[in-house]
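Biologist: Thanks for sitting down with me over this model. Could you walk me through the reasoning behind a few of its labels?

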Amino acid sequence: MTSVNDEAQLAGLDNFRNLQADQQPTWPDAKKLADTVDLLGKVAPLVIPQETETLTQRLAAAGRGEAFLLQGGDCAETFAEAHADRIRNKMRTILQMAVVLTHGASMPIVKMGRMAGQYAKPRSSAEETRDGVTLPVYRGDMVNEFAFTEQARTPNPDRLFQGYSIAAATANIVRAFTTGGYADLRQVHEWNKGFMENPAYKRYESTAVEIDRAIRFMDACGADFDQLRTVEFFVSHEALLLDYERAMVRMNPISGTPYDSSGHFLWIGERTRKIDGAHVDFLSRVSNPIGVKLGPTTSPDDALRLQEKLNPEGVEGRLTFITRMGTANIRTVLPNIVEKIHREGSPVTWVTDPMHGNTITSATGYKTRRFDDVLDEVRGFFEVHSAVGSVPGGLHVELTGDDVTEVLGGSEEISDEGLAKRYETLVDPRLNHQQSLEMAFQVAEMLQEFRSNR
Ligand code: PEP
Ligand code: MN
């Protein structure tokens, strides 16, 4: 029998080691890293290849305009918050949003968490200085700790294994929530009715009433609600730490091709998408559906070259471009990119991340985003695809199921001063539960409008 490593040689999986790998921690203990990686090479996979193939089909449908992706979760998951309450609140938020979007889109919503592995972050600087003391920057719980001490900030390979274990427990509870009755459509609908009781959300009432009527209609027709007790849910994260991702590669015994078993969907961040860099090379060799973030400096040629390298055979659903232009750039920068790919490229699934191009520092010194900017980028995304004749295939958001105060605005109007009340993120600001639902109602309207104009 060929071992994974012999096969890996064949597949060139380690070629990335000869290339520039940005955003990697400097692990001080090489022996410990090697031992951890060795161990991770032998553990059970977090996902199986059949699931990744199903997801490729779902994303292909989203690319054709027959489904819509909702991908959401924390900027950075933390080990401390990987407990049932936080995970349940996040799942609940995503499921509630999905019901509203299903109605708006009249299409299946592909549900995916930035969850069960989103523990490593690209940073703008390798170090952080406070009061004259310089230490390695916090790179996410899978690398080091947030506390500003030398011990906490030293990258520790034990955290890679801890990350694997916590991802496994998270994926397990996610599966329980999505198959054990918690995701029952009628229950999710009841939660949405609870949300609508707040007068702040009056403007969404007509949509909420329509959804209510649709559910009663289904009931009256004798719809099998038992089938709607279970939902399909996928997990995803940024494939940043190449030692970890490489160690999680397994062979698909049926096709004989390698896949990355750390999550269903993996994406390459804006800072690591260089065409001849290590991340692009590595992900070009695993069979999962993958994504690439495209920021405002992306040229149409950059996008085309990424597509040729990451999806040379033009498999539908294999490649998703997650655009994060910022509300100021979306209407000027995105059209040329979409036109070029639409004209010269193979199929791609277009998703908007309206968070990362709209980050600002508030007057009170918090890293934040304006709810209105976020929604305006989504609107711009729909306008551009409408004009080009391409398909807006999904929405990628940083959110939490809790009542944090990290993003400015929304109908409950979180103000500059209000940010301090419950600002908990260690990295980027997330929409809270209410803001997330409000976004879903507005995006549902955009989807409806888009469809009626086609
Ligand atoms: C992120 O998704 O948290 C992130 C860092 O995004 P980007 O790579 O688009 O900057
Ligand atoms: Mn982020």
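Modeller: Gladly, and please keep in mind that this is a predicted model. Let us start with Ser 236, which is found in strand E5, residues 233–238.

Biologist: Why is Ser 236 called buried?

Modeller: Its relative accessible area is 0%, and buried means under 20%, so Ser 236 earns the label.

Biologist: What makes the link from the side chain of Ser 236 to the backbone oxygen of Gly 113 a polar contact?

Modeller: The side chain of Ser 236 reaches that backbone oxygen of Gly 113 at 2.8 Å. The cut-off for a pair of N or O atoms is 3.5 Å, so this pair falls within it. Ser 236 is also in contact with residues including Gln 71, Arg 114, Phe 265 and Trp 267.

Biologist: Arg 114 turns up around ligand 1 too. What is the distance from its side chain to an oxygen atom of ligand 1?

Modeller: An N or O atom in the side chain of Arg 114 is 2.9 Å from an oxygen atom of ligand 1. For Arg 324 the corresponding value is 2.7 Å, and a polar side-chain atom of Arg 271 lies 3.4 Å from a ligand oxygen. The protein covers 98% of the 300 Å² of accessible area that ligand 1 has on its own.

Biologist: How do the residues of the shell around ligand 1 divide?

Modeller: Seven are charged, two polar and two nonpolar. Arg 114, Lys 121 and Glu 270 are among the residues surrounding the ligand, and Arg, Lys and Glu count as charged.

Biologist: How do you know which atoms coordinate the manganese ion, ligand 2?

Modeller: Donors are N, O and S atoms within 2.8 Å of this metal. Cys 75 (SG), His 356 (NE2), Glu 398 (OE) and Asp 428 (OD) sit at 2.1 to 2.4 Å, so they qualify. Along the chain their spacing is C-x280-H-x41-E-x29-D. Cys 75 lies in the loop between strand E1 and helix H4, and His 356 in the loop between strands E11 and E12, so the pair ties together parts 281 residues apart in sequence.

Biologist: Why does His 356 count as buried?

Modeller: Its relative accessibility is 17%, and the limit is under 20%, so His 356 counts as buried. Cys 75, at 0%, is buried as well.

Biologist: And what makes Asn 144 buried?

Modeller: Asn 144 has a relative accessible area of 1%, which is under 20%, so buried is the right word. Asn 144 lies in the loop between strand E4 and helix H5, and its side chain reaches the backbone oxygen of Val 137 at 2.9 Å.

How values were computed:
Residues are numbered from 1 along each chain as its sequence is written. Chains are lettered from A and ligands numbered from 1 in the order in which they are written. This is a predicted model: local features need pLDDT of at least 70, side-chain atom pairs count only at pLDDT 80 or more; totals for chains, interfaces and linings use all residues. Side-chain values use heavy atoms; hydrogens and water are left out. A residue is near a molecule or strand if one of its heavy atoms lies within 4 Å of it. A polar contact is a pair of N or O atoms within 3.5 Å; within protein, one must be able to donate a hydrogen and the other to accept it, and residues adjacent in sequence count only if both atoms are side-chain atoms. Accessible areas come from the Shrake-Rupley method with a 1.4 Å probe; for residues, only the protein chains shown count as cover. Helices (H or I, at least four residues) and strands (E, at least two) are DSSP runs, numbered from the N terminus. Buried means under 20% relative accessible area, exposed over 50%, partly exposed in between (1.4 Å probe, protein chains only). Donors are N, O and S atoms within 2.8 Å of the metal (3.2 Å for Na, K and Ca); water is not among the atoms, so sites may look incomplete. Contact means heavy atoms within 4.5 Å. Lists of a residue's contacts leave out its neighbours within four places in sequence.
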